[in-house]
Amino acid sequence: MARKTILGRRSGVAQMPVRTGKLALAVAVAISGMAGTGTVKAEESDAASEERASVVLPRIDVVAPGLTDVSATPGAVTIVTEDEIKETRPRSTEDVLRRVPGMYIKREDDSAIVTNYGVRGIPADQYKTTVLEDGVPVQPGIFVGNQRYYNPRVQRMDGVEILRGAASLRYGPASSGGVINYQTRTPDDGLAVTGTVGSWNTREVTVEAGGSSPSGDALFGLVVTDASSDGWMDKEWDMTDVMIKVGSAIGDNQFLGAKFSYYENDAAISYRGYFQDAFDAGATFNPAPDDRFETERTAFDVNHEWDINPDMRLKTVAYWMETSRDYWRFNVDGTTTNADGHTVWNFTDILEGRNRDFERIGVDSRLFLNHSAFGINNTAEFGLRYMEEEMHDTRPRATRAAPRSPIAVDGQGLRRDRLDSAKSWAGFAENRFDVTDQLSVTAGLRVETYEQKRKDRQTGGPADTFSNTEFLPGLGATYQLNPALQFYGSVYRAFQPPVVGSVIGADDAPTDAETSVNLELGMRGATGPWNYEAAAFQMDFSNQVDPGISGIRNPNEGSALIQGLEAAMGYDLPAGFRLDGNVTWVPTAEFREDRVGGIAAGNRLPYSPEWVANVALSYEQGPLKTALMYNYTGSVFGTGDNRREIDPENHGFSGLVPSHYTVDLTASYDFNPRFAVFGAVKNLTDERYIAGLRQGIYAGPERSFEIGARYEF
């Protein structure tokens with residue numbers, strides 16, 4: 001029984017050519033017309049006749065045929081394909097994202113166990129972007145705590161979708177910077193093993209196994225990665241990542257899929273960085289070798305998809321996640337100075353844990369509908385999401401003699417014992433009106449309502465609560481000028497939920513939610529060997545909010561303005577070469593009013609570079625593929641006071657981080673369809689650069705090498 005094609009009609013509107021790889025083709029085939037019962041084996045298209053297309057289980061994608069395809073989206077869209085990921089040879093998802101237009105990465109370590117990124121000038125330490133994996137939120141805390149403590153591992157990804165503009169309202173709550181959706185792979189039938197070795201004694205093995213039932217109605221997939229490294233700057237880490245996927249057809253119009261994932265990592269990373277003299281001398285030691293960052297995460301998702309009729313589809317995902325992050329850091333005796341009178345790291349015997357346990361449950365259901373209201377073609381999406389979050393925040397203490405064995409020190413056991421929680425509902429409706437064959441207008445509204453609580457388990461007493469409801473409208477349009485060029489634009493009200501520490505216990509002055517009015521105007525297209533996209537954007541923040549969890553400063557931080565341009569272009573050169581490039585220019589990223597701490601109106605936002613650029617020259621001829629990639633990142637201020645000199649008395653929090661560039665070289669060779677080898681040189685020119693400031697200078701990774709092989713049994 002063939003699966004029915006639905007939600008693919010777009011009368012008279014040309015589909016934009018988009019550079020996609022095998023994954024995108026497989027998704028299109030899977031949704032448009034599948035063989036058998038329609039779940040596990042796609043029909044061979046002309047472009048994919050020589051190999052089996054990848055299986056795609058039911059999941060929520062942010063870009064897909066119908067309402068959410070690229071040509072129907074009134075905002076900038078970037079799709080990173082499986083082939084492009086392989087070309088990058090990434091050590092982490094940071095290596096993938098840093099080459100996306102509008103993205104800036106503030107690196108902390110070579111493995112990106114934790115990550116900081118800014119979109120279109122938004123400071124890289126403020127986490128104002130919704131991050132999903134197969135449509136499911138993956139950040140440990142959204143309403144309750146810090147979002148940066150889990151970064152999905154690149155080894156199980158075969159695609160990334162990045163969405164900006166009003167269409168990102170469909171995937172809140174954090175919509176200022178848009179949406180990042182990582183797409184996990186589903187292994188083909190059989191077994192594949194990939195092994196990699198590299199600099200800093202890095203060792204990695206990934207095993208993929210897949211199988212399907214004789215009828216093709218059921219599917220199983222497994223991806224397991226075990227990796228370890230001595231790490232750049234002796235920041236050693238040991239990581240295990242497991243993902244299991246299963247799925248089955250239910251009759252001829254329903255499909256069920258489930259995914260289980262487990263991740264753990266033990267790393268010697270810390271907030272401590274170098275003082276200026278050590279950085280200038282080329283230091284490569286770990287400034288805090290005994291600090292540990294220990295992460296464990298378990299997650300389970302269940303997806304259901306129901307093709308109700310050719311014009312109606314219901315997609316639902318239920319999810320559960322549990323994450324623990326134990327961060328053990330030795331205290332510092334701040335009275336010790338060097339010959340220049342500057343404070344130096346003199347670690348005491350007292351070890352303190354900043355330990356947080358997160359849990360989330362939720363369900364997200366979306367109805368997609370084709371209809372002909374007002375005598376024109378329409379495509380609508382209606383969504384409803386319920387989510388509960390909890391964070392247990394403790395600060396145990398220990399000693400060097402018994403590390404990570406909590407004890408009472410100086411009459412104190414736990415220095416903190418708090419339980420933060422939140423319940424949230426979100427409703428969403430969007431309709432695209434095909435006004436003419438060329439013009440489509442999309443209108444949408446998202447409503448977020450939530451309640452946050454904090455209970456101090458040390459002092460007892462009732463929990464403090466805070467509740468709020470936000471209405472977030474959006475309006476966008478696309479205009480197909482000709483088959484090679486489309487214009488688009490949107491305006492919407494974006495929202496970033498303040499976490500519990502910003503609304504409870506912050507001088508009894510609950511903050512207003514952070515909102516902004518976001519504007520975007522752009523164009524995209526492709527003709528012959530060219531593809532291109534450009535967009536101008538503006539984000540006008542009414543009230544930026546402290547992204548921390550402790551309410552350590554006044555959360556009502558005032559207004560800000562960001563304005564800029566981003567552009568991307570690709571060209572297929574003769575003889576197997578291809579040139580790709582993108583540039584982001586953010587001339588305005590400023591505070592619009594004075595703030596505490598020496599921040600003046602007109603100062604530039606911290607960790608917001610004016611320029612970011614990427615260029616890649618790739619070559620493919622038969623079994624050989626290679627790429628030379630250049631990344632430029634402009635200078636950034638470490639703090640909003642725009643201090644230029646890196647201040648050792650402020651432990652390196654403030655100062656101007658100079659601009660820098662890196663060059664990477666990658667290559668792969670397929671000896672036959674089953675066996676391939678690959679390699680990479682990262683930071684080819686061995687640039688010494690400052691990646692960021694946080695209690696000292698974070699030095700960017702030096703030149704490194706890796707080589708590996710893959711064999712499919």
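A cavity is a set of grid points, taken over the protein atoms alone, where a 1.4 Å probe fits but cannot get out. The exercises below apply this term and others to a predicted model.

**Exercise 1. Describe the largest cavity: state how much space lies in it, which residues line it and which elements supply them.**

Solution. Begin with the whole structure, which holds 19 cavities of 30 Å³ or more. In the largest cavity lies about 790 Å³ of space. Its lining is made up of 40 residues, and those nearest the centre are Thr78, Glu84, Pro101, Ala568 and Asp580. Next, turn to the elements that give two or more residues to this lining: they are β1 (77–80), α2 (82–88), β23 (514–527), β24 (530–541), β25 (560–572), β26, β27 and β28. Finally, sort the lining of the largest cavity by chemical character, which yields 22 nonpolar residues, eight polar and 10 charged.

**Exercise 2. Locate the nonpolar patch on the surface and say which strands supply at least two of its residues.**

Solution. The patch is formed by Leu573, Phe577, Leu579, Val615, Leu617, Leu628, Tyr630, Tyr661, Leu665 and Leu684, which together have about 730 Å² of accessible area. Mapping these residues onto the elements shows that β26 (577–591), β27 (611–621), β28 (624–633) and β31 (660–670) each supply at least two of them. Take Tyr661 as a case to check: this residue lies in strand β31. Membership of a patch requires over 30% relative accessible area, and Tyr661, with a relative accessible area of 31%, is partly exposed.

**Exercise 3. For the salt bridges Lys682–Asp95, Asp664–Arg99 and Glu381–Arg170, find the N to O distance, the placement of the partners and whether they are buried or exposed.**

Solution. The principle is that side chains of opposite charge can pair when their charged atoms come close. The cut-off applied is a side-chain nitrogen of Lys or Arg within 4 Å of a carboxyl oxygen of Asp or Glu, and the count by this rule comes to 48 salt bridges.

Step one concerns Lys682 and Asp95, whose side chains meet at 3.4 Å, N to O. Lys682 belongs to strand β32 (residues 675–682) and Asp95 to helix α3 (residues 93–97), so that distant parts of the chain, 587 residues apart, are linked. Lys682 and Asp95 are both buried.

Step two concerns Asp664 and Arg99, where the closest N and O atoms are 2.8 Å apart. Here the link joins strand β31, which holds Asp664, to the loop between α3 and β2 (103–105), which holds Arg99, across 565 residues of the chain. Asp664 and Arg99 are likewise buried.

Step three concerns Glu381 and Arg170, which meet at 3.0 Å, N to O. Because Glu381 lies in strand β16 (residues 378–394) and Arg170 in the loop between β6 (157–163) and β7 (179–184), the pair ties together parts that are 211 residues apart in sequence. Glu381 counts as buried because its relative accessibility is 0%, and Arg170, with a relative accessible area of 1%, is buried too. Beyond this pair, salt bridges that share partners join Glu133, Asp134, Arg156, Asp241, Lys259 and Asp301 into one network.

**Exercise 4. Examine the backbone at Pro173, Arg120 and Asp686, and state what stands out at each.**

Solution. The background is that most residues other than glycine have a negative phi, and most peptide bonds are trans. Against this, the peptide bond from Gly172 to Pro173 is cis, with omega near 10 degrees, and Pro173 is placed in the loop between β6 and β7.

Arg120, although not a glycine, has a positive phi of about 55 degrees. Arg120 is found in the loop between β3 (117–119) and β4 (130–133), and it counts as buried because its relative accessibility is 6%.

Asp686 also has a positive phi of about 55 degrees without being a glycine. Asp686 sits in the loop between β32 and β33 (690–693), where it is partly exposed, with a relative accessible area of 35%.

**Exercise 5. Where does Asn253 lie, and how far is it from Glu305 in sequence and in space?**

Solution. Asn253 occupies the loop between β11 (237–250) and β12 (254–267). At 22% relative accessibility, Asn253 counts as partly exposed. Asn253 and Glu305 are 52 residues apart in sequence, while in space their C-alpha atoms are 8.2 Å apart.

Methods. Residues are numbered from 1 along each chain as its sequence is written. This is a predicted model: local features need pLDDT of at least 70, side-chain atom pairs count only at pLDDT 80 or more; totals for chains, interfaces and linings use all residues. Side-chain values use heavy atoms; hydrogens and water are left out. Patches are made of residues with over 30% relative accessible area and no salt bridge: like charges are joined within 9 Å, nonpolar side chains (Val, Leu, Ile, Met, Phe, Trp, Tyr) within 5 Å. Accessible areas come from the Shrake-Rupley method with a 1.4 Å probe; for residues, only the protein chains shown count as cover. Helices (H or I, at least four residues) and strands (E, at least two) are DSSP runs, numbered from the N terminus. Buried means under 20% relative accessible area, exposed over 50%, partly exposed in between (1.4 Å probe, protein chains only). On a 1 Å grid over the protein atoms alone, a cavity is a set of points where a 1.4 Å probe fits but cannot get out, and a pocket is an open set with protein on both sides within 12 Å along at least five of seven lines; lining residues have an atom within 4 Å of a point. Grid points are joined across faces, edges and corners, and a volume is the space filled by probe spheres set on the points. Ala, Val, Leu, Ile, Met, Phe, Trp, Tyr, Cys and Pro count as nonpolar, Asp, Glu, Lys and Arg as charged, and the others, Gly among them, as polar.
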